[in-house]
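Reader: I would like to learn how to read a structure like this one. Where do we begin?

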Amino acid sequence: MKITEHIQQANKTLFSFEILPPLKGQSLQDMLAGIEPLMEFNPPFVDVTYHREEYIYKQHPGGLVQKVSTKKRPGTIGICAALINKFHVEPVPHLLCGGFSEEETENALIDLEFIGVQNVLALRGDADKSEGKFIAEKDGHCYAWQLVKQITDMNKGIYLHDETETGFHTNFCVGVAGYPEKHFEAPSLTYDLKYLQAKIDAGASYVVTQMFFDNQKYFDYVKRVREAGIDIPIIPGLKPITTLSQIVNLPRTFFLDLPDALMVELDKCKSNADVKEVGITWAIQQSKELVKAAVPSLHYYTMSKAEATYKIAKEVF
Ligand code: FAD
């Protein structure tokens, strides 16, 4: 079932979350067992992130250094199949422009269709760490709206290199990313919303936001999006802060602010355990306020760890 249908049919705020594929060499079963407690809250869908390749340098005897491409977290499509089989939830794989040619995207979408996936989140992806700015693959997409268009073309039976529509078409519901605090490359929020509109014009049906810690930022963003004439669901993304290092790393990585009131509490923390308590309490407050505002779903960034999200969901759902 499509995410938009889940939202339409529910007369309350849904619970959903995002997981990361395990690092290469780690067990899928351990990861699935780790998130199993969250199934108590009946998530209609679970997002599975995608991680593009990274480059590492291998030193060979004799001093030769070789640049090698590797994927630290492969397995997004396999995990989607496992989620369907084990938990009967809708998996939402993330699909990236980065690292994919259009041909590879088409093949991945065919695989996803064959295993019964009906929803995808279409993203550009970040720059390769060694490149500094985003560079599309040869024959790949530069922006998420182009990826959305490729997916919605397939929904019309239009495949690459085919002039005419085929008899068979896919039926993906496509979500896209939104940024209450603006995407870091966009010169202004107005600019960013122009490109959000391009993703919707290309066929996107719902938005999932970047994490935020100040609900007012989400409310202001939704207001601006609605004023721009966009009326599709905007699902808020939430992350409980759980470690001391995240206090520095989350703002730096995701270009977001931590509100002063939260920082006052985090400043008192001496250990990860202290931070986790503050982070969970804050996320519970955020969640309760967002439920009151009748948001479509509360979407938690779990990093495949259930404990903090479980404690929040127990208070909220
Ligand atoms: P786009 O919508 O293409 O926008 C990228 C930038 O380009 C923006 O600044 C936009 O304003 C600008 N822009 C868009 N179109 C144009 C145009 N035509 N001309 C000029 N400028 C334009 N990353 C991963 O690697 N894996 C994941 O699984 C993943 N999951 C995510 C899930 C969510 C909910 C979110 C919010 C982000 C996720 N990301 C993930 C990160 C995401 O890939 C990055 O934020 C990336 O930098 C932008 O992706 P996008 O889809 O928003 O890009």
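Author: With the ligand. This is a predicted model. The shell around the ligand has 23 residues, and the closest are Tyr50, Asp126, Tyr179, His183 and Lys199.

Reader: Which elements each supply at least two residues of the shell around the ligand?

Author: Map the shell onto the secondary structure. At least two residues each come from β5 (90–96), β6 (119–123), α5 (144–155), α6 (189–201) and β8 (206–211). Helix α6 gives the largest share, three residues.

Reader: How do the residues of the shell divide into nonpolar, polar and charged?

Author: Sort them by class. The shell has 13 nonpolar residues, five polar ones and five charged ones.

Reader: How do I pick out polar contacts to the ligand?

Author: Look for N or O pairs within 3.5 Å. In the side chain of tyrosine 179, an N or O atom is 2.7 Å from an oxygen atom of the ligand. The side chain of lysine 199 also places an N or O atom 2.7 Å from a ligand oxygen. Arginine 124 uses its backbone: a polar atom there is 2.9 Å from an oxygen of the ligand.

Reader: How much of the ligand area does the protein bury?

Author: Start from the ligand taken alone, which exposes 990 Å². The protein buries 86% of that.

Reader: Now the whole chain. How many helices and strands does the chain have?

Author: Eleven helices and ten strands. To judge compactness, set the radius of gyration against the globule rule. The radius of gyration is 20 Å, close to the 20 Å that the rule gives for 317 residues, so the chain is as compact as a globular protein of that length. Along the principal axes, the C-alpha atoms fill a box of roughly 60 × 60 × 45 Å. Buried residues account for 50% of the 317.

Reader: How many disulfides does the structure hold?

Author: Zero. The test is a sulfur pair within 2.5 Å. Take cysteine 142: its closest cysteine sulfur, in cysteine 97, is 8.0 Å away, so that is too far for a bond. For cysteine 173 the closest cysteine sulfur is in cysteine 80, at 14 Å, again too far for a bond.

Reader: Are cysteine 142 and cysteine 173 buried or exposed?

Author: Use relative accessible area, with buried meaning under 20%. Cysteine 173 is buried because its value is 2%. Cysteine 142 is partly exposed, at 36%.

Reader: How do I find residues that are apart along the chain but brought together in space?

Author: Compare sequence separation with C-alpha distance. Helix α4 (residues 102–115) includes threonine 105. Threonine 105 and leucine 147 are 42 residues apart along the chain, yet their C-alpha atoms are separated by 8.4 Å. Threonine 105 is buried, at 2% relative accessibility. Glutamate 113 also lies in α4. Its C-alpha atom is 6.8 Å from that of threonine 170, with their positions 57 residues apart along the chain. Glutamate 113 is partly exposed, with a relative accessible area of 24%.

Reader: What should I check in the backbone angles?

Author: Look for positive phi in residues other than glycine. Asparagine 42 has phi near 50°. Asparagine 42 sits in the loop between α2 (28–35) and β2 (45–48). Alanine 294 has phi near 60°. Alanine 294 belongs to the loop between α10 (272–292) and β10 (297–301).

Reader: Are asparagine 42 and alanine 294 buried or exposed?

Author: The cut-off for exposed is over 50%. Asparagine 42 is exposed, at 62% relative accessibility. Alanine 294 is exposed too, at 60%.

Terms used:
Residues are numbered from 1 along each chain as its sequence is written. This is a predicted model: local features need pLDDT of at least 70, side-chain atom pairs count only at pLDDT 80 or more; totals for chains, interfaces and linings use all residues. Side-chain values use heavy atoms; hydrogens and water are left out. A residue is near a molecule or strand if one of its heavy atoms lies within 4 Å of it. A polar contact is a pair of N or O atoms within 3.5 Å; within protein, one must be able to donate a hydrogen and the other to accept it, and residues adjacent in sequence count only if both atoms are side-chain atoms. Accessible areas come from the Shrake-Rupley method with a 1.4 Å probe; for residues, only the protein chains shown count as cover. Helices (H or I, at least four residues) and strands (E, at least two) are DSSP runs, numbered from the N terminus. Ala, Val, Leu, Ile, Met, Phe, Trp, Tyr, Cys and Pro count as nonpolar, Asp, Glu, Lys and Arg as charged, and the others, Gly among them, as polar. Buried means under 20% relative accessible area, exposed over 50%, partly exposed in between (1.4 Å probe, protein chains only). The radius of gyration is taken over C-alpha atoms; the globule rule is 2.2 Å times the number of residues to the power 0.38.
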